[in-house]
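Reader: I am new to reading structures, and I would like to understand how the labels attached to residues are decided. Could we go through some of them slowly, setting each value against its rule?

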Amino acid sequence: ENDRLNADFLQMLLPIRSGDLYESDRIQAAVGTLTFAAGSAGYAFVEINPTYRADPETDTVNVTFNVREGQRVYIDRINVVGNTRTLDSVIRRELMVGEGDAFNRSLVERSRNNLRALGFFKDVKIEETRGSAPDRSVVNVTVEEQPTGELSVGAGFSSVDSFVLNLGITERNFRGRGQNVVARAEWGSLRQQIDFRFTEPKFLGRDVRAGFDLFHMRYDLSKYSSYDYRSTGGGVRVTYPLNGYASFSARCFLKDDAVVSPYGYCGAVGAGSSALCDQAGSYLNSSAGYTLLVNRLNDPVRPTRGWTASLRQDFAGIGGDVNYIKTEADASWYYGVRPNWVVSVQGQTGYVSGWNGDPIRINDRFFKGGNTFRGFETAGMGARDLTTTDALGGNFYAIGTVELTVPNYLPEEYGIKTSLFADFGTIGKLDDRYLIDSATGLRNPNIVDELSLRAAAGVSIHWRSPMGPIRFDLSKVLSKEDYDKTETFRFSTSTQF
């Protein structure tokens with residue numbers, strides 16, 4: 001008997017169909033779906049009552065959903081409750097509805113996701129009650145604060161870095177204004193770095209996220225490729241939302257990059273890899289870039305539906321000594337097959353090319369393996385110098401992942417998640433100058449660079465331990481080149497900022 005809500009459209013939204021097995025839980029889920037749809041059309045207090053008529057002879061049940069529309073509802077006021085530290089304005093600016101707006105349940109749910117994505121609150125509830133008139137409602141936003149500052153002093157061991165020491169101070173909600181401040185120092189056998197980051201989520205009171213970074217880092221890659229990379233610099237960045245699902249980011253960085261041989265053998269005649277030795281030295285890298293991001297996930301923390309995609313480009317050569325254009329794109333899709341069973345499909349690709357006659361230096365190439373491609377060591381796949389076994393990376397890569405998250409039947413507070421995965425892809429395509437022997441003008445047989453398929457499958461276990469996030473990977477390589485370096489087991493720690 002509904003007049004304004006389209007009955008045929010509502011029936012299309014139902015998660016049940018004629019011929020399905022009758023289950024009371026699915027009927028209640030259908031009521032929730034119709035309630036959400038009506039709320040998105042502005043009917044905050046719609047009443048939906050299912051009635052049933054059973055036919056014992058055919059073992060069937062006819063279900064009728066009786067929809068009582070009521071009036072379209074407008075928001076009388078919005079109350080924010082429970083924020084003992086975070087300013088009201090920080091919470092209200094994440095809401096996609098305002099006082100006086102027509103009620104829209106879809107926007108209310110997106111507002112809740114925005115607040116959860118901040119990471120400031122342990123729990124967020126948004127409820128509506130009747131307002132001062134039948135066509136008015138009051139929206140109550142209730143939040144439960146959680147610690148947002150962190151002082152971390154730790155030591156760890158991973159199959160990547162061996163021994164790691166770190167000291168960090170992080171505040172994601174500085175002064176209760178939503179500002180993010182990170183100061184961090186880390187020392188390990190593979191990398192050592194110091195960095196400072198500041199982000200203002202509403203720059204000059206506008207819907208623009210802005211920040212700056214300062215850093216110094218060193219990567220000792222002598223275990224994988226005979227060079228040592230150091231970089232010191234800084235940059236600024238801004239992010240502007242295009243709509244509720246897409247954003248555009250721009251950045252500008254200036255850094256001093258140095259490539260050195262850890263053994264000093266490049267000066268010796270006939271020593272070292274020619275693909276590495278001619279790149280030793282210090283270079284000024286001035287670059288500008290952008291990122292276009294689209295996020296249509298149903299949950300910012302644990303997605304079970306939807307997709308996300310991004311496109312990134314960086315242009316180096318605005319002054320400085322390095323000239324290249326680097327492009328990367330990735331996309332992810334999630335689908336919950338049933339509770340605690342989630343299928344995800346991910347794809348990523350990248351290409352970097354020099355301009356103005358410049359080749360791509362080794363520290364600007366792509367390296368894959370380890371955490372970025374399970375089953376292979378860090379920098380274990382891609383072009384390689386057979387005389388020194390140095391990994392040379394690649395100017396191009398394409399990687400796909402299919403992953404199934406499965407329930408492990410342990411209490412959620414244990415923080416353990418298990419998934420089955422398959423990684424597949426390729427990497428390579430060096431500049432011609434590194435493939436040709438300068439003495440003969442012919443292809444150098446000691447430099448191998450094959451864009452062939454690599455693939456691996458296995459099990460990953462993620463554990464939110466008291467010492468920080470830890471990941472265990474058990475892998476079996478299905479396809480590789482003879483010169484690739486593989487591994488069966490890897491465990492690593494990571495920290496998100």
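Author: Let us begin with Tyr-290, which has a relative accessibility of 25%, and keep in mind that this is a predicted model.

Reader: Why is Tyr-290 called partly exposed?

Author: Buried requires a value under 20% and exposed a value over 50%, with partly exposed in between. Tyr-290 stands at 25%, so it counts as partly exposed.

Reader: What makes Tyr-229 buried or exposed?

Author: The relative accessibility of Tyr-229 is 10%, and because buried means under 20%, Tyr-229 counts as buried.

Reader: How is Tyr-219 classed, and why?

Author: At 24%, Tyr-219 falls between the cut-offs of 20% and 50%, and therefore Tyr-219 is described as partly exposed.

Reader: How many aromatic pairs are there?

Author: The count comes to 12 aromatic pairs. One of them is formed by Tyr-219 and Tyr-229, with 6.3 Å from centre to centre and 25° between the planes.

Reader: Why is the pair of Tyr-219 and Tyr-229 called stacked?

Author: Ring centres must lie within 6.5 Å to pair, and planes under 30 degrees apart count as stacked. With centres 6.3 Å apart and planes at 25°, Tyr-219 and Tyr-229 satisfy both conditions, so the pair is stacked.

Reader: Why can this pair be said to tie parts of the chain together?

Author: Tyr-219 belongs to strand β10 (residues 209-220) and Tyr-229 to strand β11 (residues 228-241), so the pair ties together parts that are 10 residues apart in sequence.

Reader: What makes Phe-248 and Tyr-290 a stacked pair?

Author: Their centres are 5.8 Å apart and their planes differ by 15°, and because the limits are 6.5 Å and 30 degrees, the pair of Phe-248 and Tyr-290 counts as stacked. Phe-248 lies in strand β12 and Tyr-290 in strand β13, 42 residues apart, and the pair links these distant parts of the chain.

Reader: How do you know that strands β12 and β13 pair?

Author: At least two bridges are needed, and β12 (residues 246-260) and β13 (residues 281-295) have 14 bridges in the antiparallel sense, so the two strands pair. Within this arrangement, Asp-256 stands opposite Leu-284 in β13.

Reader: What makes Arg-296 a charge that sits over the ring of Tyr-245?

Author: The distance part of the rule asks for CZ of Arg within 6 Å of the ring centre, and the direction must be within 35 degrees of the ring normal. The charged end of Arg-296 sits over the ring of Tyr-245 at 3.5 Å from its centre, so the distance lies within the 6 Å limit.

Technical notes:
Residues are numbered from 1 along each chain as its sequence is written. This is a predicted model: local features need pLDDT of at least 70, side-chain atom pairs count only at pLDDT 80 or more; totals for chains, interfaces and linings use all residues. Side-chain values use heavy atoms; hydrogens and water are left out. Helices (H or I, at least four residues) and strands (E, at least two) are DSSP runs, numbered from the N terminus. Rings of Phe, Tyr and Trp (its six-membered ring) pair if their centres lie within 6.5 Å; planes under 30 degrees apart count as stacked, over 60 as edge-to-face and the rest as tilted. Buried means under 20% relative accessible area, exposed over 50%, partly exposed in between (1.4 Å probe, protein chains only).
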